[in-house]
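Here are my notes on the model you passed along. I have kept them as numbered points so that you can check each one against the coordinates.

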Amino acid sequence: MLFRSASSVPAARGIETYFLNFASNQGAAAVAARENAASGQSMAALQDMVRTIALNSKLDESRDFAGYVQRQMMESLRGANKTVKDLGVKQAPFMVLVGATMPSAFAEISFLTNDDDAAALSGAVYRQQVAEALYAGLVRYQKSLKSAPRPAAARPVASAAPPASPVHD
């Protein structure tokens, strides 16, 4: 997911990437509350969200994915926007991430309430660079999965001769 952020502080700016979990601080909780209010979901969905977070088997993968996306965004965009600020990877309960069956992340790419961020985002070239950085982060994450050692249970079983019977004299 890709979003633009806003703040009551006009100087606030930067890029941050979230994964689904309980909020780690008040700022993350406030961003999630603002985005969730715009989702149109009722508070009745809150119980499902809490259950999803508690049972989320993709938490570690989503945190890793968010990290790859955030690092790539910063590496790619610093060349085009020297003042871009790295706000890091955070966790928060975003409704849009509930129900994902694969690793998922939520990238806040600019603050529309910051004149410099808004100006950068208004340019087609910068938006294309953002899209390419997101894609490159996804590709890096995918490559990390291919190079990571698989758990023993996931490895194919090598065909081998059955164990020899014990020899009795």
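What share of the 169 residues in the protein chain is buried? The answer is 34%, where buried means under 20% relative accessible area, exposed means over 50%, and partly exposed lies in between (1.4 Å probe, protein chains only).

1. Ground rules. This is a predicted model, in which local features need pLDDT of at least 70 and side-chain atom pairs count only at pLDDT 80 or more, while totals for chains, interfaces and linings use all residues. Residues are numbered from 1 along each chain as its sequence is written, and side-chain values use heavy atoms, with hydrogens and water left out.

2. Confidence. The mean pLDDT (the predictor's confidence in each residue, from 0 to 100) is 78 for the protein chain, and 69% of the residues score at least 70. Among the elements, H3 has the highest mean, 94, and strand S1 (residues 2-5) the lowest, 48. Please look at the end of the chain too: over residues 159-169 pLDDT stays under 50, and the model has zero contacts there beyond four places in sequence. A contact here means heavy atoms within 4.5 Å.

3. Overall layout. The protein chain has five helices and four strands, arranged along the sequence as β-β-α-α-α-β-β-α-α. These elements are DSSP runs numbered from the N terminus: helices are H or I with at least four residues, strands are E with at least two. Of the contacts with a separation of 6 or more, 84% are between residues 24 or more positions apart. The exposed area is about 10300 Å², with 58% of it supplied by carbon and sulfur atoms; accessible areas come from the Shrake-Rupley method with a 1.4 Å probe, and for residues only the protein chains shown count as cover.

4. Strand S2 and its partners. In S2 (residues 15-20), six of the six residues are buried. In a regular strand the side chains alternate between the two faces of the sheet. Here both faces are covered, with Ile 15, Thr 17 and Phe 19 on one side and Glu 16, Tyr 18 and Leu 20 on the other. S2 pairs with strand S3 (residues 86-92) in the parallel sense over six bridges, and with strand S4 (residues 106-111) in the antiparallel sense over three. Two strands count as paired if DSSP finds at least two bridges between them. Glu 16 stands opposite Gly 88 in S3 and opposite Glu 108 in S4, while the S4 bridge partner of Thr 17 is Ala 107. Because six of the six residues of S4 are buried, S4 is largely enclosed by the rest of the structure.

5. Aromatic pairs. How many aromatic pairs are there? The count comes to five, taking rings of Phe, Tyr and Trp (its six-membered ring) with centres within 6.5 Å; planes under 30 degrees apart are stacked, over 60 edge-to-face, and the rest tilted. The rings of Tyr 68 and Tyr 141 have centres 5.9 Å apart and planes at 65 degrees, so this pair is edge-to-face. It links Tyr 68 in helix H3 (residues 59-77) with Tyr 141 in helix H5 (residues 124-147), 73 residues apart. Tyr 68 is partly exposed at 24% relative accessibility, whereas Tyr 141 is buried at 7%. Phe 94 and Phe 106 make a stacked pair, because their ring centres are 4.1 Å apart and their planes are at 15 degrees. Phe 94 lies in the loop between S3 and S4, and Phe 106 in strand S4; both are buried. Together with Tyr 18, these two form one aromatic cluster.

6. A charge over a ring. Arg 71 lies over the face of Tyr 68, at 4.9 Å from the ring centre. The criterion is NZ of Lys or CZ of Arg within 6 Å of the ring centre and within 35 degrees of the ring normal.

7. Two buried alanines. Ala 66, in helix H3, has 0% relative accessibility and so counts as buried. Beyond four places in sequence, Ala 66 is in contact with Thr 17, Tyr 18, Phe 19, Val 89 and Ala 105. Ala 133, in helix H5, is buried with a relative accessible area of 1%. Not counting residues up to four places away, Ala 133 touches Gln 72, Met 73 and Ser 76. The C-alpha atoms of Ala 133 and Leu 77 are separated by 7.5 Å, although the two are 56 residues apart along the chain.
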